[in-house]
Amino acid sequence: MDTHAALYEQGKARLELLRKLPANKQQPLQERLEENGITRRDFMVWSATLTAALALPMPFSSLVAEAAELADRVPLIWLHMAECTGCSESLIRSSTPDISTLIFDHVSLEYQETLMAAAGWQAEENLDAAMRDYKGQYLLAVEGAVPTANGGSFLTLGCKGRTGLEMVKEVAAGAAAIISVGTCASFGGVQAAKPNPTGAKGVHAVIDRPVVNLGGCPPSSSNIVGTLMYFIMFGKLPALDMFNRPKWAYGARVHDNCERRGHFDAGEFVEEFGDTAAENGYCLYKLGCKGPYTYNNCPQLRFNNHTSWPVMAGHGCIGCSEPDFWDDMADFEKPLGRQLLHGLDATADTIGAVTLGLTAVGIGVHAVGSLFAGAYKDEDK
């Protein structure tokens with residue numbers, strides 16, 4: 001039996017077990033979709049699209065659809081640490097909710113400070129009850145970095161005054177799987193930027209459990225919901241890269257799938273914001289785009305119901321899904337120049353040869369000439 005066939009059978013068995021569990025939502029997902037003008041056909045198209053994004057064969061789309069309908073059988077605890085709530089906002093703030101948003105609503109959300117009506121002692125009791133009643137079964141999502149300096153005292157939560165550090169460790173201990181949502185939870189984000197007085201760290205650095213990192217400031221709703229669907233379908237974590245990010249979402253560079261890539265190869269660059277080249281959609285590399293160093297599926301999935309993304313809107317990628325991006329990728333509107341990036345000396349004359357792989361990707365001579373012929377005269381200053 002090949003790998004995909006075995007995985008498919010594992011998914012079927014997993015969903016059969018979930019189907020035997022009591023539903024936590026009174027309204028079936030299909031009714032909720034129809035109320036929002038989403039037909040069964042739309043739902044199946046979404047399932048097929050997500051299946052392709054997860055790098056699974058198309059027959060798995062039926063499993064994706066069934067997993068979405070059974071999402072209310074999987075308890076979810078969502079903790080907020082040191083963050084701006086932008087990752088939650090990315091997922092839930094939509095004038096016309098898409099399917100990913102509605103499926104997140106369908107998940108059995110046991111605790112989420114932004115969305116729940118409970119407060120004070122009742123909220124604390126809800127969290128403790130979910131940890132007790134669903135021990136070893138619930139999925140934990142964490143949004144935000146975890147302050148660790150002074151015993152974690154830079155962040156205290158709830159009426160019991162527990163530190164974020166204590167809460168993450170306690171809730172993670174009973175979780176079936178753990179997802180860090182956004183760059184702050186994954187790698188510390190802006191809170192961990194130098195000099196980092198609060199000792200902010202990613203979740204993986206404070207617990208001794210496997211963690212899926214969904215880098216991005218914020219990550220797309222599809223990456224969040226897709227990872228949830230994978231766990232619901234298979235009861236395990238997806239294949240991960242060296243930074244514990246799902247390969248299906250972070251397996252390719254932004255640069256390789258960017259709609260401006262053809263202009264890069266042709267040596268057509270924006271020299272300053274608002275110039276004619278900018279109006280013509282030329283490459284933003286000279287204005288600091290970090291797409292060549294960044295792994296994410298932003299060009300394919302985009303944001304705001306898949307309408308656009310930063311580079312399409314006219315600003316270069318800032319590398320927000322990468323570890324330590326706030327320090328390593330600065331300045332955001334200038335090329336990296338002489339800076340170390342994960343051990344690579346990213347000078348102007350090695351960007352093409354090493355990072356971009358000139359020979360492998362076949363960059364045109366116009367691009368090479370435009371980039372390297374006295375392009376960054378202040379590089380050694």
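The following exercises, each with a worked solution, concern a predicted model.

**Exercise 1. Burial of helix 6**

Determine which residues of helix 6 are buried, and state what this implies for the surroundings of the helix.

Solution. Begin with the extent of the element: helix 6 spans residues 99-106. Next, apply the cut-off for burial, which is under 20% relative accessible area. The residues that satisfy it are Ile99, Ser100, Thr101, Leu102, Ile103, Phe104 and His106. Seven of the eight residues are therefore buried, so helix 6 is largely enclosed by the rest of the structure.

**Exercise 2. Two cavities and their linings**

Describe the cavities of 30 Å³ or more by volume, lining residues and residue class.

Solution. The general principle comes before the inventory. A probe the size of a water molecule, rolled over the atoms, shows where empty space is left.

- Step 1: the structure holds two cavities of 30 Å³ or more.
- Step 2: the largest has a volume of about 90 Å³, and the second largest holds about 60 Å³.
- Step 3: residues lining the largest cavity include His255, Arg260, Arg261, Phe264, Tyr285 and Pro292. By class, this lining divides into seven nonpolar, two polar and two charged residues.
- Step 4: the second largest cavity is lined by Phe187, Gly188, Gly189, Ala192, Ala193, Asp324, Phe325, Trp326 and Asp327. Its lining has five nonpolar, two polar and two charged residues. Helix 17 (residues 325-328) gives the most to this lining, with three residues.

**Exercise 3. Aromatic geometry**

Classify the pair formed by phenylalanine 264 and phenylalanine 269, and give the accessibility of both residues.

Solution. The structure has 11 aromatic pairs. In one of them, phenylalanine 264 and phenylalanine 269 lie 5.7 Å apart centre to centre, with 85° between the planes. Planes over 60 degrees apart count as edge-to-face, and the pair is classified accordingly. Phenylalanine 264 is buried, at 1% relative accessibility; phenylalanine 269 is also buried, at 5%. Phenylalanine 264 additionally belongs to the lining of the largest cavity.

Elsewhere, Tyr8, Phe60, Tyr230 and Phe234 make up one aromatic cluster. Arginine 14 lies over the face of phenylalanine 231, at 5.1 Å from the ring centre.

**Exercise 4. The setting of leucine 70**

Locate leucine 70 and establish whether it is buried or exposed.

Solution. Leucine 70 is in the loop between helix 4 (61-69) and strand 1 (75-80). With a relative accessible area of 2%, leucine 70 is buried. Leaving aside neighbours within four places in sequence, its contacts are Leu15, Leu18 and Arg19. The C-alpha atoms of leucine 70 and asparagine 24 are separated by 9.6 Å, although these residues are 46 residues apart along the chain.

**Exercise 5. Backbone exceptions**

Identify two cis peptide bonds and two non-glycine residues with positive phi, and place them in the fold.

Solution. The reference is that most residues other than glycine have a negative phi, and most peptide bonds are trans.

- Step 1: lysine 194 and proline 195 are joined by a cis peptide bond, with omega about 10°. Proline 195 lies in the loop between helix 9 (183-187) and strand 7 (212-214).
- Step 2: the bond from alanine 330 to aspartate 331 is cis as well, with omega near -5°. Aspartate 331 occurs in the loop between helix 17 and strand 8 (340-341).
- Step 3: alanine 55 has a positive phi of about 60°. Alanine 55 is in the loop between helix 3 (40-53) and helix 4, and is exposed at 55% relative accessibility.
- Step 4: aspartate 324 has phi near 55°. This residue is in the loop between helix 16 (310-313) and helix 17, and is partly exposed at 42% relative accessibility. Aspartate 324 also lines the second largest cavity.

Notes:
Residues are numbered from 1 along each chain as its sequence is written. This is a predicted model: local features need pLDDT of at least 70, side-chain atom pairs count only at pLDDT 80 or more; totals for chains, interfaces and linings use all residues. Side-chain values use heavy atoms; hydrogens and water are left out. Buried means under 20% relative accessible area, exposed over 50%, partly exposed in between (1.4 Å probe, protein chains only). Helices (H or I, at least four residues) and strands (E, at least two) are DSSP runs, numbered from the N terminus. On a 1 Å grid over the protein atoms alone, a cavity is a set of points where a 1.4 Å probe fits but cannot get out, and a pocket is an open set with protein on both sides within 12 Å along at least five of seven lines; lining residues have an atom within 4 Å of a point. Grid points are joined across faces, edges and corners, and a volume is the space filled by probe spheres set on the points. Ala, Val, Leu, Ile, Met, Phe, Trp, Tyr, Cys and Pro count as nonpolar, Asp, Glu, Lys and Arg as charged, and the others, Gly among them, as polar. Rings of Phe, Tyr and Trp (its six-membered ring) pair if their centres lie within 6.5 Å; planes under 30 degrees apart count as stacked, over 60 as edge-to-face and the rest as tilted. A charge sits over a ring if NZ of Lys or CZ of Arg is within 6 Å of the ring centre and within 35 degrees of the ring normal. Contact means heavy atoms within 4.5 Å.
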